[in-house]
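A reader meeting a model for the first time may want to know what stands behind each word used to describe it. The questions below ask for those reasons one by one.

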Amino acid sequence: QSNLWFTELQNENLSIGLRIEKTIHSERTEFQQLDVYQTAQYGKLLVLDGCVMTTDRDEFVYHEMLAHVPLHTHPNPKRVLVVGGGDGGIIREVIKHPSVERAVLAEIDGRVIEASKTYFPQIAAGLSDPRVDVQVVDGIRYVEEHPGEFDVILIDSTDPVGPAVGLFSKSFYESVFAALKPDGLMAAQTESPFVNQELIRRVYGDVARTFPIAKLYLAFVPTYPTGMWSFTMGSKTHRPEDVKAVRVEDTKYYNLGIHHAAFALPNFAKELV
Ligand code: AG3
């Protein structure tokens, strides 16, 4: 076996290591460093600027939880926007919902989309669905230019450094609010409650000042920093606790019990909201 290891330095005191069988792809795009590795433990691994984006074996947790929790909270989601998410994993879950008529992907880096189609075909599969409109654009501008259009907006960003900083700002959540219909809702990935407390506190506060309903929920993603991952939902009218039944059965993590359990916060995380 090889003695090559991929290490993500998650902060100055913490890292995750994965044994690499081979480097599959490596390039500097216009926006970021993009690498694909074959790992021994988790299958193929997609890395942007040194950070784990997704792996073949654990991608389902994050993609299902960022898509199905908000989509089930909306009684009839027809038009959905995904900001970021160029690998296509969120789109794949979104189009499992029969009510969805159109799903737009607004990804700034077209190379991420291409790399995913080439190396992660089972994650990127949904990108060629006729209901999906793939736009290689700045998601912030796209949201600003489409007021009142969407039932659900999902923000599948990288960490709040580099190209994604603007996706964690109060002004962005305000444009997301404006881009939603009168009963629309949004969800964003918001990092780990073990190591990103300040970020979660600030983002939750900004979302709660923008939307009448704000919620934090959690899932276990093995390859992200600490494994405990948070998502922040902002909703104009619909409440996640009112969900009575699941409309999509073809899932490996999400189900009705998980939908409700995800909003139960440990005491240390309650203090962040
Ligand atoms: N979005 C990235 C989540 C952040 C991971 N952070 C990290 N590894 N430091 C994932 C994109 C998947 N569609």
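What follows is a set of questions and answers about this predicted model.

Q: What makes the chain as compact as a globular protein of its length?
A: The chain, which has 9 helices and 12 strands, has a radius of gyration of 17 Å, and the globule rule gives 19 Å for 273 residues; the two values are close, so the chain is as compact as a globular protein of that length. Along the principal axes, its C-alpha atoms fill a box of roughly 55 × 45 × 35 Å.

Q: Which domains is the chain divided into, and how do you know that they touch?
A: The division gives domain 1 (4-55) and domain 2 (59-270), whose centres, taken over C-alpha atoms, are separated by 23 Å. Contact requires C-beta atoms within 7 Å, and 22 residues of domain 1 are in contact with 19 residues of domain 2. On the side of domain 1 that touches domain 2, strands E1 (4-11), E2 (14-28), E3 (33-39), E4 (43-48) and E5 (51-55) each supply at least two residues. That side of domain 1 holds 12 nonpolar, 7 polar and 3 charged residues.

Q: Why is the ligand said to lie between the domains?
A: Domain 1 (4-55) and domain 2 (59-270) both contribute residues to the shell around the ligand, and therefore the ligand lies between them. The ligand is surrounded by 15 residues, the closest being Cys-51, Val-52, Met-53, Thr-54 and Gly-89. The elements that give two or more residues to this shell are E1 and E5, and E5 gives the most, with 4 residues. By class, the shell has 5 nonpolar, 6 polar and 4 charged residues.

Q: What makes a residue of this chain count as buried, and what percentage of the residues are buried?
A: A residue is buried if 20 or more other C-beta atoms lie within 10 Å of its own, and buried residues make up 45% of the 273 residues in the chain.

Q: Which residues have the most contacts inside the largest nonpolar core, and why is this core said to lie between the domains?
A: This core has 70 residues, and Val-82, Val-94, Ile-153 and Leu-154 have the most contacts inside it. Helix H1 (residues 59-73) provides the largest share of the core, with 7 residues. Because domain 1 (4-55) and domain 2 (59-270) both give residues to this core, the core lies between them. Leaving aside residues up to four places away in sequence, Ile-153 touches Leu-81, Val-83, Val-176, Ala-179, Leu-180 and Met-186.

Definitions and conventions:
Residues numbered from 1 in each chain as written. Predicted model: local features only at pLDDT ≥ 70, side-chain atom pairs only at ≥ 80, totals over all residues. Domains from an automatic or database assignment. Contact = placed C-beta atoms within 7 Å. Nonpolar A, V, L, I, M, F, W, Y, C, P; charged D, E, K, R; others polar. Near = placed C-beta within 6 Å. Rg over C-alpha atoms; globule rule 2.2 N^0.38 Å. Buried ≥ 20, exposed ≤ 12 C-beta atoms within 10 Å, placed from the backbone. Core = buried A, V, L, I, M, F, W, Y, C linked by C-beta atoms within 7 Å.
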